[in-house]
Amino acid sequence: MKHLPKHLRPKWRYLAVGIESWPDASLSRRDFQRHLWYAGQNLFGDPGSADADLRVFSFEHGDGVGEAVVRTRRDTVEEARASLACIDEIDSQPVGVFVRGVAGTVRACEENYLGRRPEVSGENRVVFENAERAAVIRDGAVDVRTDDAYTGATDLDVTTV
């Protein structure tokens, strides 16, 4: 079978996606891809999600922060952004998903928008609600470990011990 001529091949756009979750959440590429497909299908139906052809090209997640590159057709970038905005949890773990930028090649996407991820400072001890607790601090956001879950806070809400 011959390849299609260049002017008939599909044109792609690559979305740089940032992912935030609680520090103990474990997310996989497969789970993210599945929830992305479901979001597109629920929002645009089978024909619309098939037109967008959303694919996760690369995925990295650890310590509550992550990055992904999502491929879509050139004329369905807005649909892809809307599908990503519909993802609020992955396997019962709450996540925040946001688009950092859009590029025409994977290389441009990675170089311009995914150069480095935020530094995670590690676990510290903080005072929160008049009790000393474990917390993960990164870029002004503090995830304080309460009894069985994490609570989001800011630097102003806690005192470092």
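With which residue does D53 form a salt bridge whose closest N and O atoms are 4.0 Å apart? In this predicted model, the partner of D53 at that separation is R73. The pair ties together distant parts of the chain, since D53 sits in the loop between α1 and β2 whereas R73 belongs to strand β3, the two being 20 residues apart. A further salt bridge joins D53 to R55, and here the closest N and O atoms are 3.4 Å apart. Through salt bridges that share partners, D53, R55, R71 and R73 are united into one network.

The members of this network can also be described by how much of each is accessible at the surface. D53 has a relative accessibility of 15% and therefore counts as buried, because the term applies to residues under 20% relative accessible area. R73, at 27% relative accessibility, counts as partly exposed, and R55, at 35%, is likewise placed in the partly exposed class. The salt bridge between D53 and R73 thus pairs a buried acidic residue with a partly exposed arginine.

The setting for these contacts is a protein chain with three helices and 10 strands. Read from the N terminus on, the elements follow the order β-α-β-β-α-β-β-α-β-β-β-β-β. Along the principal axes, the C-alpha atoms of the chain fill a box of roughly 70 × 30 × 25 Å, and of the 161 residues in the chain, 39% are buried.

Part of this buried material is nonpolar. The largest nonpolar core consists of 19 residues, and those with the most contacts inside it are V17, F32, V70, L84 and I87. Two or more residues of this core are supplied by each of the elements β1, α1 (29-52), β2 (55-62), β3 (65-73), α2 (77-85) and β5 (93-103). The largest share, four residues, comes from helix α1.

Helix α1 also holds a salt bridge of its own. D31 and R34 both lie in this helix, three residues apart, which is about one turn of the helix, and the closest N and O atoms of their salt bridge are 2.9 Å apart. Within this pair, D31 is buried, with a relative accessible area of 17%, whereas R34, at 30% relative accessibility, counts as partly exposed. Counted over the model, the salt bridges come to 10.

Charged residues appear in other surroundings as well. On the surface, K6, R9, K11 and R74 gather in a patch of positive charge. One of these, R9, is found in the segment before β1 (12-21), and with a relative accessibility of 43% R9 counts as partly exposed. In strand β1 itself lies E20, which at 41% relative accessibility is also assigned to the partly exposed class. Between E20 and G48 there are 27 Å in space, C-alpha to C-alpha, for a separation of 28 residues in sequence.

Methods: Residues numbered from 1 in each chain as written. Predicted model: local features only at pLDDT ≥ 70, side-chain atom pairs only at ≥ 80, totals over all residues. Heavy atoms only, no water. Patch = residues over 30% accessible without salt bridge, like charges linked within 9 Å, V, L, I, M, F, W, Y side chains within 5 Å. Areas by Shrake-Rupley, 256 points an atom, 1.4 Å probe, with all protein chains shown as cover. Salt bridge = Lys/Arg side-chain N within 4 Å of Asp/Glu carboxyl O. Lys, Arg positive; Asp, Glu negative; His and termini not counted. Charge placed at Lys NZ, Arg CZ, Asp CG, Glu CD. Buried < 20%, exposed > 50% of the residue type's maximum accessible area, 1.4 Å probe, protein only. Core = buried A, V, L, I, M, F, W, Y, C linked by side-chain atoms within 4.5 Å.
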